[in-house]
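Subject: Handover of a structure, with findings

Dear colleague,

Please find the structure below. The findings follow it, and each technical term is explained where it is introduced.

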2 protein chains.
Amino acid sequence: MDDHDFEHLLRGAELRVTRPRLAVLRAVRRHPHADTGSVLAAVRVEQPAVSHQAVYDVLGVLSESGLVRRIQPAGSVARYELRVGDNHHHVVCRSCGEVADVDCAVGVRPCLDASDTHGFVIDEAEVTYWGTCPACSTDRTPSQSRTTEGTR
Amino acid sequence: MDDHDFEHLLRGAELRVTRPRLAVLRAVRRHPHADTGSVLAAVRVEQPAVSHQAVYDVLGVLSESGLVRRIQPAGSVARYELRVGDNHHHVVCRSCGEVADVDCAVGVRPCLDASDTHGFVIDEAEVTYWGTCPACSTDRTPSQSRTTEGTR
DNA sequence: CCAGAAATCTTGACTCGTTCAAGAAAAGGC
DNA sequence: GCCTTTTCTTGAACGAGTCAAGATTTCTGG
């Protein structure tokens, strides 16, 4: 995934190719699962003049177009990743909020057969694994980087 | 689940039995998947003097104690339910944000065997089904009650 | 290469869910 | 009933995200 690919991705989605958009794509590539603030910081390393609103807008249109995927574990702010279209899942650390990718062992569309869906038409099954990351498992003083505590 | 049960639940969790707590439990029982604002409104029907902070506190301790379960689908505010301990899952409407319970057909601990967990110690697998609720499937003008749009 | 229309970005104010902090009130053991 | 501790009220504050208006940029077509 180099800048050339990004340009093609944007054009393929009928989006204009702009400096902020390329910078955001590069930032998300370099920092998988980064939140908006981190993306903004990464973007400004190369493009100091980009506004926070632009980053929100860009992440919004890229998500809608399916070029990036937005995830938001409970108690976390929105996070973004480039890995898209394979419906992989995520492990989230209850202690520090760290996120990692996980391929579900059950198959391509895990658990997509819910028993009684109450008439809902389902198009995606999203699995979030909750637990403790290696660092927090060992550490006696886990880094409290999460904004709110986990559900349990 | 009557008030007597609620009192026992609280005492069993070593929590004091107070009017606000009982009112919150009743509110969550009557309005499954309600957000904090709705719980507050329901509480104030019977206890007009209860503060919003009290409701936040109560929902917080009840969640920590496992008496209620807190869920927060991406793009939604926190929601609460009494049904607890059975690790059931949820369908969320992308259009209006409506939530319904779903029992996973795969088994009691669905998808809990992730392939490579990157050293995380996993204690829960949470499945969120995304789709369209019956009302929004039919309706030409879906109610836009969600705060932000869905991921895709 | 240049002009025009449409999309995108900047600026700055603002909303809303949630949290923080300090003091008042209530719960429960003795 | 009294005392200690927990819980609640009050009121301010925070931060992620949104809204809106005007300036810039992109890209199409001449």
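How much area does chain A expose, and what share of it do carbon and sulfur atoms supply? Chain A exposes about 7,800 Å², and carbon and sulfur atoms supply 50% of that area. Accessible areas come from the Shrake-Rupley method with a 1.4 Å probe, and for residues only the protein chains shown count as cover.

Some conventions come next. This is a predicted model, in which local features need pLDDT of at least 70 and side-chain atom pairs count only at pLDDT 80 or more, while totals for chains, interfaces and linings use all residues. Residues are numbered from 1 along each chain as its sequence is written, chains are lettered from A and ligands numbered from 1 in the order in which they are written, and side-chain values use heavy atoms, with hydrogens and water left out.

Chain A

Chain A contains five helices and six strands; helices (H or I, at least four residues) and strands (E, at least two) are DSSP runs, numbered from the N terminus. Along the sequence, the elements of chain A follow the pattern α-α-β-α-α-β-β-β-β-β-α. Of its 152 residues, 47% count as buried. Here buried means under 20% relative accessible area, exposed means over 50%, and partly exposed lies in between (1.4 Å probe, protein chains only). Contact means heavy atoms within 4.5 Å. Among contacts in chain A between residues at least 6 apart in sequence, 47% join residues at least 24 apart.

One residue of chain A deserves a separate note. A:H33 is found in the loop between α2 and β1 (34–35), and its phi is near 70°, a positive value in a residue other than glycine. A:H33 is buried, with a relative accessible area of 8%.

Chain B

Helix α4 of chain B covers residues 52–65. The expected span of a helix is 1.5 Å times one less than its number of residues. The 14 residues of α4(B) should therefore span 20 Å, and the end C-alpha atoms are indeed 20 Å apart. The buried residues of this helix are B:V55, B:V58, B:L59, B:G60, B:L62 and B:S63. An α-helix has 3.6 residues a turn, so residues three or four places apart point the same way. The cover over the buried residues of α4(B) includes α1 (3–12), α2 (19–30), α3 (36–46), β2 (69–71) and β3 (79–81) of chain B. Just after α4(B), B:G66 takes a positive phi of about 80°.

Two further residues of chain B may be noted. B:A41 lies in helix α3 and is partly exposed, with a relative accessible area of 47%. The C-alpha atoms of B:A41 and B:A27, which are 14 residues apart along the chain, are separated by 8.8 Å. B:E14 lies in the loop between α1 and α2 of chain B, where its phi is near 60°, a positive value in a residue other than glycine. Is B:E14 buried or exposed? B:E14 is exposed, with a relative accessible area of 75%.

DNA strand C

A residue is near a strand if one of its heavy atoms lies within 4 Å of it. Of the 22 residues around DNA strand C, A:T18, A:R21, A:S51, A:A54 and B:Q53 come nearest. Sugar and phosphate make up 61% of the atoms of this strand that come within 4 Å of the protein. A polar contact is a pair of N or O atoms within 3.5 Å; within protein, one must be able to donate a hydrogen and the other to accept it, and residues adjacent in sequence count only if both atoms are side-chain atoms. A side-chain N or O atom of B:R11 is 3.1 Å from a phosphate oxygen of DNA strand C, and the corresponding distance for B:T36 is 3.3 Å. B:R16 has a polar side-chain atom 3.0 Å from a base nitrogen of DNA strand C.

DNA strand D

Which residues come closest to DNA strand D? Of the 22 residues that surround it, the closest are A:R16, A:Q53, B:T18, B:R21 and B:S51. Sugar and phosphate account for 67% of the atoms of DNA strand D that come within 4 Å of the protein. Phosphate oxygens of this strand lie 2.9 Å from a polar backbone atom of A:V17, 2.7 Å from a polar side-chain atom of B:T18 and 2.9 Å from a polar side-chain atom of B:R21.

Yours sincerely
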